[in-house]
Amino acid sequence: MIFPHSIGVYIESDRASIVLVKLHFRTLRVVEQKFFPLSSEKKMDERVKEIKHALKEVIQKHRVADPIIYLGIPRAHSILKFIDFPVSVKENLRETIAYEME
């Protein structure tokens, strides 16, 4: 039992879903599901705060320590970029990725 608790968070433009699963004797069990609407009138920061608050509630309610969190967003709301790095970047990989993301 390496990861006893996992949380899946799926965010869409108008709603979010949170699912907490627990590994118990080689069986995955859904402990809690939470679905809630996100107001399109609110700014993105406010919607992220709502999701963060709901996630904290689930973690505290079930006393989950160090859960593995999986995040899903629609591809239309994400940016995908493939980057090729030379071998010399290996030492400063974090800084190089941050530079490429900007």
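Let us start at Lys34, which is partly exposed, with a relative accessible area of 22%. That value sits between the under 20% of a buried residue and the over 50% of an exposed one. This is a predicted model, and Lys34 is a good place to enter it. The residue lies in strand E3. Once neighbours within four places in sequence are set aside, Lys34 is in contact with Ala16, Ser17 and Ile18, and also with Ala54, Glu57 and Val58. One of these partners deserves a closer look: the side chains of Lys34 and Glu57 make a polar contact at 2.7 Å. Ala16 can be located by its backbone too, as its C-alpha atom is separated by 8.2 Å from that of Lys34, although the two residues are 18 apart along the chain.

Stay in the strand and look at Glu32. Strand E3 covers residues 27–37, and Glu32 is found in it. Is this glutamate buried or exposed? With a relative accessible area of 14%, Glu32 is buried, because buried means under 20%. What does its side chain meet there? The side chain of His62 makes a polar contact with that of Glu32, at 2.5 Å. Beyond four places in sequence, the contacts of Glu32 are Ile18, Val19 and Leu20, together with Val58, Lys61 and His62. Ile18 and Val58 are thus touched by Glu32, and both are also on the contact list of Lys34.

Now step back to see where these pieces belong. The protein has two helices and four strands, and along the sequence they follow the pattern β-β-β-α-β-α. The radius of gyration is 17 Å, well over the 13 Å that the globule rule gives for 102 residues, so the protein is more spread out than a compact globule. Along the principal axes, the C-alpha trace spans about 45 × 40 × 20 Å. Of the 102 residues, 23% count as buried, and Glu32 is one of the buried residues. The accessible surface comes to about 8,800 Å², with 56% of it belonging to carbon and sulfur atoms. As for contacts with a separation of 6 or more, residues 24 or more positions apart account for 40% of them. The charges can be summarised in a similar way: there are 17 positive and 14 negative ones, and their mean positions are 8 Å apart.

From here, follow the chain past helix H1, which covers residues 44–61, into the loop that leads to strand E4 at 68–72; Arg63 lies in this loop. What is notable about the backbone of Arg63? Its phi is near 50°, a positive value in a residue other than glycine. Arg63 is exposed, with a relative accessible area of 76%. Asp66 lies in the loop between H1 and E4 as well. Its phi is also positive, at about 50°, although Asp66 is not a glycine. The relative accessible area of Asp66 is 74%, so this residue counts as exposed.

Past strand E4, the loop between E4 and H2 contains Glu91. This residue is exposed, with a relative accessible area of 73%. How far is the C-alpha atom of Glu91 from that of Lys56? The two atoms are separated by 35 Å, and the residues are 35 apart along the chain.

The tour ends in helix H2, which covers residues 93–101 and includes Tyr99. Tyr99 counts as exposed, at 61% relative accessibility. The C-alpha atom of Tyr99 is separated by 35 Å from that of Val58, with their places 41 residues apart along the chain. Val58 has already appeared here, as a contact of Glu32. Thr96 is found in helix H2 too. Which way does Thr96 fall, buried or exposed? Thr96 is buried, with a relative accessible area of 19%, because the buried class takes in values under 20%. Not counting residues up to four places away in sequence, Thr96 touches Phe85 and Val89.

Technical notes:
Residues are numbered from 1 along each chain as its sequence is written. This is a predicted model: local features need pLDDT of at least 70, side-chain atom pairs count only at pLDDT 80 or more; totals for chains, interfaces and linings use all residues. Side-chain values use heavy atoms; hydrogens and water are left out. The radius of gyration is taken over C-alpha atoms; the globule rule is 2.2 Å times the number of residues to the power 0.38. Buried means under 20% relative accessible area, exposed over 50%, partly exposed in between (1.4 Å probe, protein chains only). Contact means heavy atoms within 4.5 Å. Accessible areas come from the Shrake-Rupley method with a 1.4 Å probe; for residues, only the protein chains shown count as cover. Lys and Arg count as positive and Asp and Glu as negative; His and the chain ends are not counted. The place of a charge is taken as NZ of Lys, CZ of Arg, CG of Asp or CD of Glu. A polar contact is a pair of N or O atoms within 3.5 Å; within protein, one must be able to donate a hydrogen and the other to accept it, and residues adjacent in sequence count only if both atoms are side-chain atoms.
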